[in-house]
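Reader: I am new to reading protein models, and I would like to learn how to describe what I see. Could you take me through some features one at a time?

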Amino acid sequence: MYDYIIIGAGVIGSTIARELSRYDVKVLLLEKENDVSCGASKANSGIVHGGFDDKPGTVKAKMCRKGNRMFEQLESELHFGLEMCGSLVMAFEEEEFETLNELVERGITNGIHDLVILDHDQVMEMEPYVNPEVKGALYCPSSGITSPFELTIALAENAVANGVEIKLNSEVVSIEKGETFKVSTIDAMYEGKVVINAAGAYSDRVAGFVGADNFKIIPRRGEYILLNKNQGYLANTVLFQCPTKVGKGILVTRTYHGNLMLGPNAQEVSEASDVGTSLEALTYIVEQARKSVADFDLKKTLTSFSGIRATSDRHDFIIEESAVKNFINVAGIESPGLTSSPAIGLEVIEIIKSMGYELKPNPNFNPNRKPTLIKKSEDFDGSTEAEDPKKHIVCRCENVTEAEIVDAIHRGIPVNSIDSMKRRVRAGMGLCQGAYCGPRVAEIIARELNIPVEDVPKRGGGSSTLPHRESRWFFKEIKKSEKNE
Ligand SMILES: Cc1cc2nc3c(=O)[nH]c(=O)nc-3n(C[C@H](O)[C@H](O)[C@H](O)COP(=O)(O)OP(=O)(O)OC[C@H]3O[C@@H](n4cnc5c(N)ncnc54)[C@H](O)[C@@H]3O)c2cc1C
């Protein structure tokens, strides 16, 4: 019997698991995919939002501000990657200053007091490559960039190290409510006193198993284009456009690891599993992004991808014990859910306490987790031929060693696909997109797990990020134009 069963190992399920592991309780984390962070938590902008643009008084606004302030401490404990580089909301028309001033007012109401409006020259000094037609910008120094899937993996690893049980490939297909909950996957049944639904875009479906679905999720896809690291110099901060009635606009940002990223658009889709990309959306993203930074080189595109926003029909985060006693919904966690995640973890603990449960501290709780990637010094003499695993380079593009890969396999969460390894150590994230290192990574995983190499898939089942046919055409066209030059 578990005290708490959490459904969904995205950033939200993982942060709740880690918060619960501070206490002397039995916790199970169930995830339908073959790894943690396979939903929205792996495919988003990776922005730690300043919290100035959320509607005052909403749960979102409260969680975002609080979560933002927890990130630096979290990074010092878990080492997932964080850079508080600041953000700019840029105005290209004089009239847009009105919106910038409104955002400042909103920010002040939300408790954000470090916002500054910059003029043209100040923006150009900070960001020499933005469109010189920029009239000014709202600068938020307390925004940042993080690695969203590394954050999720770090939270889950730390939760597991502190006693949480995790089961992957475990899709919850039904829940029976009696004195306790009987939570069933296809091949097992688990009993728990409290169930926490953190199933992201599927959270209305999961809530429906017990009739706690007093909300609906409308999946909204956001697509991205990721460029090579040699384009990262074009953005020092996160570059937003001034929001309009139509939306927040397309952003241009550096990722934590230095790539340039453009996106996302917003499009309702009928299926939460629809994570393809489309020619129409990618073309729109390029056009819009060029308004902020004209000179990125599209020929340096590495890939495109998309993530699904779990937008709820309540238009705010839902973090509450449902009408079904002991069943907690943590749903509708769209942007800024990543930023809010540390605060949401604490909020769920408060809800549990208010439900009358006593939480005694776990005397063995250790908040720290060692980094997955080891910084290589200038004189690092690794090579693809080296025998020493600490010097044996497996991924040439990202300089990843065999020792880093082996370490990632043995951290308590099963790592059994090439993409799971990619999210942990970045093998396959570089220019060749895994063409060189993919088979080598598979061999190391097979050797360490003592399984045939054919049993190490690229992805796990059901987590397709393959571009649609038309976006493959988009990339072919880019390559063709490169050859013609
Ligand atoms: C395009 C886009 C851009 C964004 N940009 C930002 C940003 O810059 N900053 C920011 O703060 N936030 C951002 N967000 C929001 C942020 O990504 C999400 O709020 C956050 O990742 C939600 O985490 P989650 O754990 O609720 O959902 P998910 O990561 O989707 O996790 C839910 C998990 O539940 C699992 N699951 C579902 N059903 C079941 C079942 N029946 N049984 C077992 N497991 C199940 C899924 O497989 C999944 O792993 C963005 C989101 C998107 C889509």
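Author: Let us begin with Pro336, which lies in the loop between strand E20 (327-331) and helix H8 (337-354). Please keep in mind throughout that this is a predicted model.

Reader: What kind of peptide bond joins Ser335 and Pro336?

Author: The general idea comes first: most peptide bonds are trans. In this structure, however, the bond that joins Ser335 and Pro336 is cis, with an omega of about 5°. A cis peptide bond also joins Gly263 and Pro264, where omega is about -15°, and Pro264 has its place in the loop between strand E16 (260-263) and strand E17 (267-268).

Reader: Which sign does the phi of Arg426 have, positive or negative?

Author: In general, most residues other than glycine have a negative phi. Arg426 is not a glycine, and yet its phi is positive, at about 75°; this residue sits in the loop between helix H10 (418-425) and H11.

Reader: How should I describe two helices that pack against each other, and at what angle do H9 and H10 pack?

Author: Two packed helices are described by the angle between their axes and the distance between the axes. For H9 and H10 the angle is about 110°, and their axes are 10 Å apart. Angles of 65 to 115 degrees count as roughly perpendicular, and H9 and H10 are therefore roughly perpendicular to each other. On the H9 side the contact is made by Glu404, Ile405, Ala408 and Ile409, while H10 contributes Met421, Arg424 and Val425. Sorted by class, the contact of H9 with H10 has five nonpolar residues, two charged ones and no polar ones.

Reader: Why are H9 and H11 described as oblique to each other?

Author: Helix H9 (residues 402-409) and helix H11 (residues 437-449) pack at about 50°, with their axes 10 Å apart. That angle falls outside the ranges for roughly parallel, roughly antiparallel and roughly perpendicular, so H9 and H11 are oblique to each other. The crossing in which H9 passes H11 is right-handed. In this contact Glu402, Ile405, Val406 and Ile409 of H9 meet Val441, Ile444, Ile445, Arg447, Glu448 and Leu449 of H11, and these residues divide into seven nonpolar, three charged and no polar.

Reader: How do the axes of H1 and H5 cross, and which residues in these helices meet?

Author: Here we apply the same description to another pair. The axes of helix H1 (residues 11-20) and helix H5 (residues 148-161) come within 8 Å and cross at roughly 30°. Angles under 35 degrees count as roughly parallel, and H1 and H5 are therefore roughly parallel to each other. H1 passes H5 in a left-handed crossing. From H1, the residues Val11, Ser14, Thr15, Ala17 and Arg18 meet Leu151, Thr152, Leu155, Ala156, Asn158 and Ala159 in H5. The residues of this contact are six nonpolar, four polar and one charged.

Reader: Which domains does the domain assignment give, and how many of their residues are in contact?

Author: A domain may be listed as several stretches of the chain, and that is how the assignment reads here: domain 1 is 1-83 + 146-216 + 313-372, and domain 2 is 84-145 + 218-308. The centres of domain 1 and domain 2, taken over C-alpha atoms, are separated by 28 Å. Where the domains meet, 31 residues of domain 1 are in contact with 37 residues of domain 2. Between them, domain 1 and domain 2 bury about 2,700 Å², and 57% of that area is on carbon and sulfur atoms.

Technical notes: Residues are numbered from 1 along each chain as its sequence is written. This is a predicted model: local features need pLDDT of at least 70, side-chain atom pairs count only at pLDDT 80 or more; totals for chains, interfaces and linings use all residues. Side-chain values use heavy atoms; hydrogens and water are left out. Axes are lines fitted to C-alpha atoms, for helices over the stretch in contact, and angles run from 0 to 180 degrees between N-to-C directions. Helices (H or I, at least four residues) and strands (E, at least two) are DSSP runs, numbered from the N terminus. Angles under 35 degrees count as roughly parallel, over 145 as roughly antiparallel, 65 to 115 as roughly perpendicular and the rest as oblique. A crossing is left-handed if the near helix is turned anticlockwise from the far one by less than a right angle, and right-handed if clockwise. Contact means heavy atoms within 4.5 Å. Ala, Val, Leu, Ile, Met, Phe, Trp, Tyr, Cys and Pro count as nonpolar, Asp, Glu, Lys and Arg as charged, and the others, Gly among them, as polar. Domain bounds come from an automatic or database domain assignment. Buried area is the accessible area (1.4 Å probe) that two parts lose on being put together, summed over both.
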